[in-house]
2 protein chains.
Amino acid sequence: MQDKRITSDDVARLAGVSRSAVSRTFTPGASVSESTRNSVIAAARKLGYRPNALARSLTGQQSGLVAVVMAEFANPYESQVFYALTQALQKLDKVSMLVTPDESGDINNSLQLVGAYQVDSAIIAAGSLSLQATQICLTMGIPSVLMGRDDPFGKICSVQTDNRMAGRLAAEHLVNSGAQRPAYIGGRPDGQASQERKQGFFDSLRDQGVEPLGHCDNPDYSYQSGYQSALELLQRRPEIDSLFCAFGAMDAIRQQLGRKTPQDIQFVGADNVPMAEWPGYQLTTISQPVELLAQAVMENLEIILTQGQAMARSRRVAPWLVSRATTRNA
Amino acid sequence: MQDKRITSDDVARLAGVSRSAVSRTFTPGASVSESTRNSVIAAARKLGYRPNALARSLTGQQSGLVAVVMAEFANPYESQVFYALTQALQKLDKVSMLVTPDESGDINNSLQLVGAYQVDSAIIAAGSLSLQATQICLTMGIPSVLMGRDDPFGKICSVQTDNRMAGRLAAEHLVNSGAQRPAYIGGRPDGQASQERKQGFFDSLRDQGVEPLGHCDNPDYSYQSGYQSALELLQRRPEIDSLFCAFGAMDAIRQQLGRKTPQDIQFVGADNVPMAEWPGYQLTTISQPVELLAQAVMENLEIILTQGQAMARSRRVAPWLVSRATTRNA
DNA sequence: TTGAAAGCGCTACCAC
DNA sequence: GTGGTAGCGCTTTCAA
C-alpha cells in the first residue's frame, strides 16, 4: 500500500549510509564492506526498495529493454516464439517489448515509438517486414538479431532453424515408412525457410533413391492457402502417396478428398504446433526448437552488446522429428 | 547510422532556441509560437530526434509502459488478447510489457522485475494467477485492471465478456436450429466465466421451454481435457443432440464417436478462435470480442490514471454469434 | 571502503 | 512566448 516511491535516498537514510553505498550494493561487483552491504540490504528489504531501472538507464547503463518485432500473431508458432523470447529475456532480468505494424501495415511508427524507450537491442522476426525493420533499426543505431531469415546485406546476424535438416528428417521418415511418391507443399515461394526445407527434402529423397513427385508453394503460408494448394496439387498428381506440408494441406486432403492416413497417404507436418499432438491429429512433425532458438538469440544478443554487432555469427538450430501415430481416429 | 544519441540540446542548438522550447514543442498543448515550433520540428527531423521516453518519465511524467500479466500463451485466445492489447496501447503511444510466471510458476519475481521499470499500470489476465498478481500489484501501488474475471475483493475494476449473454446466444441458436436435448461442456469448475456461460445457456433454454440434458466441466479448459469430458458425457447421455462447448469436445465427438454434424449432433463453439473458420471446421461460435475488450481496457486505464483506481467501473462486453456452416466436409 | 558532487535527458517553474 | 534553472533517481568519478 505504500503510495510514495522508495528511492535510494530513503534506503540510505534508514541504513545510515550514503546514496553511493546503496548504489554499490546493488551494482554487481562493486566494492562495499560486508557490514555496509548488510545494513543496506536490510533497509532496502524493509522499505521494499527496488532500483528504478529507468533512472539507471539514464546514467549510461543498459536499459534492459529489448524490442521484439513481429508482424503476425495469428500463427501459433509466432506467439510461441514471442513467449519463449520473453521468458528467456526475463531470466536475464531483461524485458521484451512487442513491436507490431500499425493498422496500415507500417512498422516505422511502432519502431519509432519503442525507439524512444532506448531499447538496448532488437529481435526482428517479422517475416516479410523484417527487411524494412532491419533497415530502420540500423539507422536508429539499435543492435539487432534477425530470426527466421538471413540478412541479405550481411549486416546483422541471424538465428534460424536448420531448415535443410528439417527437410531431410521429413524425407527419411517418409521413406522409412514406405513412401514411394512423396511431394512437398511449402510456404511463400520467396520465403527462404520454405526453399531450404524443400531443398533438404528433395536432396534426401534422391539420396535414398526416391524421386520426388512434385511440389507447390502457397502464397502466404496461411491455412487457407495451404488448403487450396493441396487440392490443386493432388488433383494434378493423384498418385502422390506422402506429403511434407502444414496443417491446411493435410486437412484438405483428408477432408475434402477423403483420403485416409496412413493407408492412402502419409504426412509429416512442417511445424510442431500444439495442435499436432491433439487426439484428433496426432501428426508426426518436425519440431520447431523454439526454446533453443530463443537461447541462441540470447547468446547472440550478449555478444552484440558486449563485443559489437560485427562479432556475432549467424546460427542454425537443429530441429528434430516428433513421431506420433499418423492416423486420425475417425 | 548516427552513433550518438540526439538530445533536445542538439535540436535546440540547431534550431537556435532553448531546450525549453524544444520540450514545449513536443508537449501537447504547450504554448509555443508557430515560428519556434516550425524551426524546432525542422531541426528535430533533420537530426532524427525523438524525446527520450525514459528521461521524460523521470520528471514525473507517466512512463507509457503498461505491464500485461499473462500465464498462458498456448491457448490462441490468450495470444490474440495480448496482440490486441499491444496494438491498442501502441495507438495511444504506450508500450506493453509481457509479464509471465517463471519456470516454477511464480509470478512475483517477474512482477518485481517490470515493477522496476515504473510501469504506469498493469493489465492482469493471468487466469488462475490473477488473484496473486492483483495482490502484488496493489502492494506495489500499480493501478491495475483485471481481465476475464472479477476481483473478489472489489478493489479493482475488471473487463470481461458478457458470458451470460454468450450462453444465451448459444442456446437461442441451437434451439432455432431444432435442438431438443442440448448439453454444456465448460471450463474449470471454479472458473467464473464458465459458470456464467453455463447459467446463461441453461436459463435461456428453460425460457424457450427446452430442458438442458446435462453438463460437465473440464478441469483445465485444455483441448485434451475437453476431449475426455465429452467422451464421458456422451457415453452417459447418448441422446444428447447438441452441445455448447470448445474444440476438444467437438473433435472427440466427431472423431472418436463418429457422430456427424449437423445430422447427429450440433455444436456451438465457445471461442471464436481462428481455427473455427478453417475449411475443415466452419464452426458456428460465440465470438470473443477481443478488440472491444482491449478497447474497454484502454478506457478503464485512462480513467484509473486520471481519476484514480476507485473511479473505474467494471465492464461487460457483448459477444455475438458467428454463424457458419456447421457441417464438416468429410 | 566511503561520501560528496556532477551529470544522464528531460520537464516544470520562474522570471523576463 | 521564451530561456534559465532546479531537480527527477540513479551511477560514477574523485577525494578523503
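This report describes a predicted model of two protein chains, A and B, together with DNA strands C and D.

## How the two chains are arranged

In this predicted model, chain A can be laid on chain B with an RMSD of 0.2 Å by a turn of 180°, accompanied by a shift of 0.1 Å along the axis. The two copies are therefore related as by a two-fold rotation axis. The interface of the two chains fits this picture, since 100% of the interface residues of chain A are also interface residues in chain B, so the copies meet through the same surface.

## The annotated domain

For chain A, an unreviewed UniProt entry places the feature "domain: HTH lacI-type" at residues 6-60. Over residues 6-60, chain A is 64% helix and 0% strand, and the C-alpha atoms at the two ends of this stretch are 22 Å apart.

## The surface around DNA strand D

DNA strand D is surrounded by 26 residues, of which the closest are Ser8(A), Arg19(A), Gln61(A), Arg24(B) and Thr36(B). Of the atoms of DNA strand D that come within 4 Å of the protein, 59% are accounted for by sugar and phosphate. At least two residues of this surface are supplied by each of α2 (19-25) and α4 (53-58) of chain A and α2 (19-25) of chain B. By class, the surface near DNA strand D has eight nonpolar, 13 polar and five charged residues.

Arg19 of each chain has a polar contact with a base of DNA strand D: an N or O atom in the side chain of Arg19(A) is 2.5 Å from a base nitrogen, while for the side chain of Arg19(B) the corresponding distance to a base nitrogen is 3.5 Å. The backbone of DNA strand D is also approached, with a polar side-chain atom of Arg56(A) lying 3.0 Å from a phosphate oxygen.

## The surface around DNA strand C

Around DNA strand C there are 26 residues, and those that come nearest are Arg24(A), Thr36(A), Ser8(B), Arg19(B) and Tyr49(B). Sugar or phosphate accounts for 61% of the atoms of DNA strand C within 4 Å of the protein, and the rest belong to bases. The residues of this surface divide into eight nonpolar, 13 polar and five charged.

Several side chains place an N or O atom beside a base nitrogen of DNA strand C, among them Arg19(B) at 2.7 Å, Ser20(A) at 3.0 Å and Ser20(B) at 3.3 Å. The elements that give two or more residues to the surface near DNA strand C are α2 of chain A together with α2 and α4 (53-58) of chain B.

Definitions and conventions: Residues are numbered from 1 along each chain as its sequence is written. Chains are lettered from A and ligands numbered from 1 in the order in which they are written. This is a predicted model: local features need pLDDT of at least 70, side-chain atom pairs count only at pLDDT 80 or more; totals for chains, interfaces and linings use all residues. Side-chain values use heavy atoms; hydrogens and water are left out. Copies are superposed by least squares on the C-alpha atoms of residues with pLDDT of at least 70 in both. Contact means heavy atoms within 4.5 Å. UniProt positions are given in the numbering used here, feature names are shortened, and annotations may be inferred rather than shown by experiment. Helices (H or I, at least four residues) and strands (E, at least two) are DSSP runs, numbered from the N terminus. A residue is near a molecule or strand if one of its heavy atoms lies within 4 Å of it. A polar contact is a pair of N or O atoms within 3.5 Å; within protein, one must be able to donate a hydrogen and the other to accept it, and residues adjacent in sequence count only if both atoms are side-chain atoms. Ala, Val, Leu, Ile, Met, Phe, Trp, Tyr, Cys and Pro count as nonpolar, Asp, Glu, Lys and Arg as charged, and the others, Gly among them, as polar.
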